[in-house]
Each structure stands twice: as C-alpha cells, then as structure tokens.
Amino acid sequence: MSVEFWFLIGAALVFWMQAGFAMVETGFTRAKNAGNIIMKNLMDFCIGTVVFSLLGYTLMMGEDAFFGLIGKPNLDLFTHFKEFIQSPADGFTDASYFVFNLVFCATTATIVSGAMAERTKFSAYCVYSGVISLVIYPIEAHWIWGGGWLSSLGFHDYAGSCAIHMVGGIAALIGAAILGPRVGKYVKDKAGKVTKVNAIPGHSIPLGALGVFILWLGWYGFNGAAATTPSELSAIFLTTTIAPSVATCTTMIYTWIKNGKPDVSMCLNASLAGLVAVTAGCDAFDGIGAAVVGIVAGILVVIVVEQLDLKLHIDDPVGAVGVHCVNGVWGTLAVGLLASPDAPAGLSGLFYTGSFAQLGIQALGFVTVAAWAAVTMLIFFAILKKVNFLRADLADELAGLDISEHGLPSAYADFMPSVDKYSEFGSSEQPVAVTGTTPVAEAVPVKREPSFSPDGHKFTKVEIVFKEEKLYVLKDAMSKLGITGMTVSHVMGYGMQKGHTEFYRGVAVETDLRPKVQVDIVVSAIPVRDVIETAKRVLYTGHIGDGKIFVYDVENVVKVRTGEEGYDALQGAE
C-alpha cells in the first residue's frame, strides 16, 4: 500500500509540472500572448484526459496485439469500474496506472506548445494536442512500457527520455518548421534568403525561472514515482539532482566564455536539458555517469538552440527542440554508453563493460520511435497547414493571441510599470555617486537651450527623460528651486547603448525597450539654466543613458480652472 501511495504522489508531482511548463513558456514569450499560453497548458491536460480515457490508455496499456505494436482497446474504465479500482494480488490498481500514465501523456503534448508559441491558432492546438494524447503517444509508449516489442528486446527508458521528451521534441521541431517563424524574427532579401536574425526576448525571466524550479521539483516524481525500494528511489533522486546541476554549470561556463556573460535563459534551459537527458537512465547511471550526461546536455542545448535559430532559421521561442528532442535522444543512447552494473537497473553500458548489446538496443528504439513520431506528425501538421487551420492570421499575431483568440486585453491587470518602488531613494537629496567616466555633456545631453530675456515673460518647457529610480531625487531638487508643478509620464526608451552588445540565446540584441520616466516642466520666472543644471547634477552618474533634456519655446499657458493665461497662469505652479 505504501509503495502505491508513493506511486500516486509521484503522479501528482508530475501533474504539478504542467504549472512549470506554463510558467517557462509564458516567461520566455511576450506578454501579449500570456493568457493564450496559460489556456493551452490548461487545455492540453484536460483534452488529454478525455481522449486518453476513451482510447489512448488502452492503446498503451491494453492487452498486447498485432505483434506488440498496440494494446487492444477496451472501455473497462467505464464498463467495469469496480474491477478497475480493485487492488490486485500483485502490482497496483488499474486506476493508479491510468492516472500515472495520463500525467506522463499530458507532458508529451505540452512540450509542443512552446516551440509553436505566439502564432498558432488555439483551435489547431486543441486538435493536435488531442491527437498526440489519443494515438501518437499511446502507441509508441506501448512499445516501451505496455509490454510491446521494444520492451521485450530489453530497451530501457525508465521515465521517458525517448517515449515522452524525444517524441514531444520531434513534434515540436516539425510543428515549428511547418508553421514558420514569428513575424519579425527573420529578415529576408528579395530572393527570400535570410539576411538577419532578430532576438525576441521573453517578457519575464522570473516567470521562466519559477517554471524551471517547479519542473525540477516535479521531476523527482517524474523519475522516481515507479521506484519500489528505498535504495532504488534514493539512487534516482541522486542522479536526478546531479545531471541537471552539472548541465547548468556547464552551460553557465560555456556561455560566459562564448558571449562574455553567463546567459540566464540558456542556464534555465540547461537545467531542463540535464533533467531530460538523465530520465531514461536515472536508475541505470552512477554518480559519474550522471555527471557526464549533464556535461554533454549542457553543451548540446546551447549548440542546438543557437544553430536552430541562426543556421536553420526555425523559430523555437522556448528552446523545446534543444531541451527535449536532442537531449531526449542523448539520454536514450547514454543508457547504452554509461549504464553501470552497480546501479539499481543492473545494465551493462559500453564504457563500463565493453558490451555493445545495450547500446544497439537503445539505438534501435531511438530510430523506430523517432520514425513513428516524425512520420505521423509530419503528415498531421502538413494537413493542418494545407487546410489553413494551423497558423493565426497576421493581424491576430501582431495584436497578440490574448485579445484575438480569447478577448483578453491583457493577462496582467496593471501592466504599466511603477516608480513607487523607488520612492525610498528620494526622501532627501543625497550626493550622487559618480561611478562612470562618460562626460556629463554626453551622459545627460541637452538638446537645445533657447535664449530668453530675464525681463520678459518668456515661457519655456523643459522635458527630462531619465531612469526611473531618479524620479524622487529630481522631484526634491526641483522643489528646492521653487518648482511645485510638473507632469510625470512613463515612457519606454528604445535603442541600444553605444559600445554594448548583448546576446539573448546567442542572438545579438540590437535594440531594447527600457522603462524611463519623462518629466515636463514649464517655467517663466525661474531661470531655465537653473532647471537644466539642477537636473544634470542630480541625474549624472557618469554613464551613457543617464538621461536627456529637451528644451522648447512655449507660446502661451492657460490655466483651465481660472481661465488665466500667460505668466499669471504659472503662478503657484512653478
């Protein structure tokens, strides 16, 4: 009973991974599609449950038929419910097996979502997610886990590097290739040749990181749920910890050397890549084997993500192909290379025993399962594209799938950034720490300084654009000049600072949106030069990007409440 209880707790942890996938995909894509992505990750499980219970489960776990190719369909879940939940003399209830295999099936379907994000019709996603759970996954999973022909040969895929991740990754690769890239991802010349690759950064790395931590936690259930002894479970937990940790360290060092800085999103991908790669042999590797699996996974994920984008020009926003497809293949073959006879599975890997037998079986399994997934998904996605059912319309894609597919203006209730978090910096004016070497004229340039007569009532608007955290310091400084009225707006600065080249997932980021604050002040009695010099003094830190000051002539000022105009309208406002 206790073993079956852990089996079901493990299934619950795998279900919780749906939240992780949703967060990773949401964080690695743009905010205008966040609601659509949440809806997809919700519905692939719900739709999968319906179709898996009707046919998928019995195709996978039913009585062996057609020489081990499929299980024999039945409706015992509905017609023999009492027997379905009854505890057998040996093993677990059919209900436990159903729930366990269902949550794994849903994982396969959700992998595809990320690679095809931001430009797929929601209706098309519902259809292909259902087909994966109904037929494609159950049949190949029967070969491996349902008593089919691969399991009889000794093929080893303990928790699904091949059956789940490679299959989901292949579907993701084919789907993304047939669907085509997001608008603006690649620039082509008149001949149709790609001349430039644009980075499209995700809108929330914190959400992506949260998703990775959720997935890592769930992976202990993903890999460990089927363990039947404490020794086996502890070995699985050990390898499931070592491989992703080593993979992440490897990617951090690799991207640090390659790009000059460690890549955050790539390191998040690397954690998942290590988890995917160790999954097939989590019970067959020792500590050294798990570390080697992680090192290779950490390098593979970077190479594949970058080459897929820069060379093959296949747009995969979340790195699903590099994480799941390629590392699913690597993990499957690694069993034949690195399986230790001392591990719980007791298999004989080439590097430990010199035997090629297990490697040959693993290679056969990889080739046949990959062929099944590739052929079926290629046909299916080609049909969807042919009938114009796959890709969202251009206008819908540009507006965002939240509004076009779900009528949701924004997945976030208050999307405008706030500067209140910086109020603690401006309660009193403090000396500015100048840490850079850029001259003040370049760091805070003044675009125009008009001439004005101190005896006349000339009106001048001073527009200051600067970093958010300086708002309250500037406000206090202006108050000391006697300026009590100003207009404050949030703006987004668009561009790349001179001398800085940043990379997002291996692609140079040429322009970037950065939140700024714009303050508009109209003065007459207070000298414009005093306003300018005060602003430069409190904003200057010695770095490019400290701010810009624009100065304009103003023809007239009208106070709406009193009707006063000109100099009188400014009294009490400066």
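Reader: What makes the crossing of helix 19 and helix 20 left-handed or right-handed?
Author: Helix 19 and helix 20 cross in a right-handed way, because the near helix is turned clockwise from the far one by less than a right angle (anticlockwise would be left-handed). This is a predicted model, where local features need pLDDT of at least 70, side-chain atom pairs count only at pLDDT 80 or more, and totals for chains, interfaces and linings use all residues. Residues are numbered from 1 along each chain as its sequence is written, and side-chain values use heavy atoms, leaving out hydrogens and water.

Reader: Why is helix 19 called roughly parallel or antiparallel to helix 20?
Author: Helix 19 (residues 471-481) packs against helix 20 (residues 528-539) at about 150 degrees, with the axes 10 Å apart. Helix 19 is therefore roughly antiparallel to helix 20 (over 145 degrees; under 35 is roughly parallel, 65 to 115 roughly perpendicular, the rest oblique).

Reader: Which residues in helix 19 and helix 20 meet?
Author: On helix 19, Val473, Leu474, Ala477, Met478 and Leu481 meet Asp530, Val531, Thr534, Ala535 and Val538 of helix 20 (heavy atoms within 4.5 Å). That contact of helix 19 with helix 20 has 8 nonpolar residues, 1 polar and 1 charged.

Reader: How do you know that the span of helix 11 agrees with its 16 residues?
Author: Helix 11 (residues 264-279) should span 22 Å at 1.5 Å a residue, and its end C-alpha atoms sit 23 Å apart, so the two agree. The expected span takes 1.5 Å times one less than the number of residues.

Reader: And why is helix 11 called largely enclosed by the rest of the structure?
Author: Because 15 of the 16 residues of helix 11 are buried (under 20% relative accessible area; over 50% is exposed, in between partly exposed, with a 1.4 Å probe and protein chains only).

Reader: How does helix 11 pack with helix 13, at what angle and axis distance?
Author: Helix 11 and helix 13 (residues 320-338) pack at about 35 degrees, axes 8 Å apart, and helix 11 passes helix 13 in a right-handed crossing.

Reader: Is Ala235 buried or exposed?
Author: Buried: the relative accessible area of Ala235 is 19%. Ala235 belongs to helix 10 (residues 230-259) and touches Cys282 and Pro344, leaving aside residues up to four places away in sequence.

Reader: What about Phe67 and Glu118: which relative accessibility does each have?
Author: Phe67 has 82%, so Phe67 is exposed, while Glu118, at 0%, counts as buried. Phe67 has a positive phi of about 60 degrees without being a glycine, and phi of Glu118, also not a glycine, is near 80 degrees.

Notes:
Helices (H or I, at least four residues) and strands (E, at least two) are DSSP runs, numbered from the N terminus. Axes are lines fitted to C-alpha atoms, for helices over the stretch in contact, and angles run from 0 to 180 degrees between N-to-C directions. Ala, Val, Leu, Ile, Met, Phe, Trp, Tyr, Cys and Pro count as nonpolar, Asp, Glu, Lys and Arg as charged, and the others, Gly among them, as polar.
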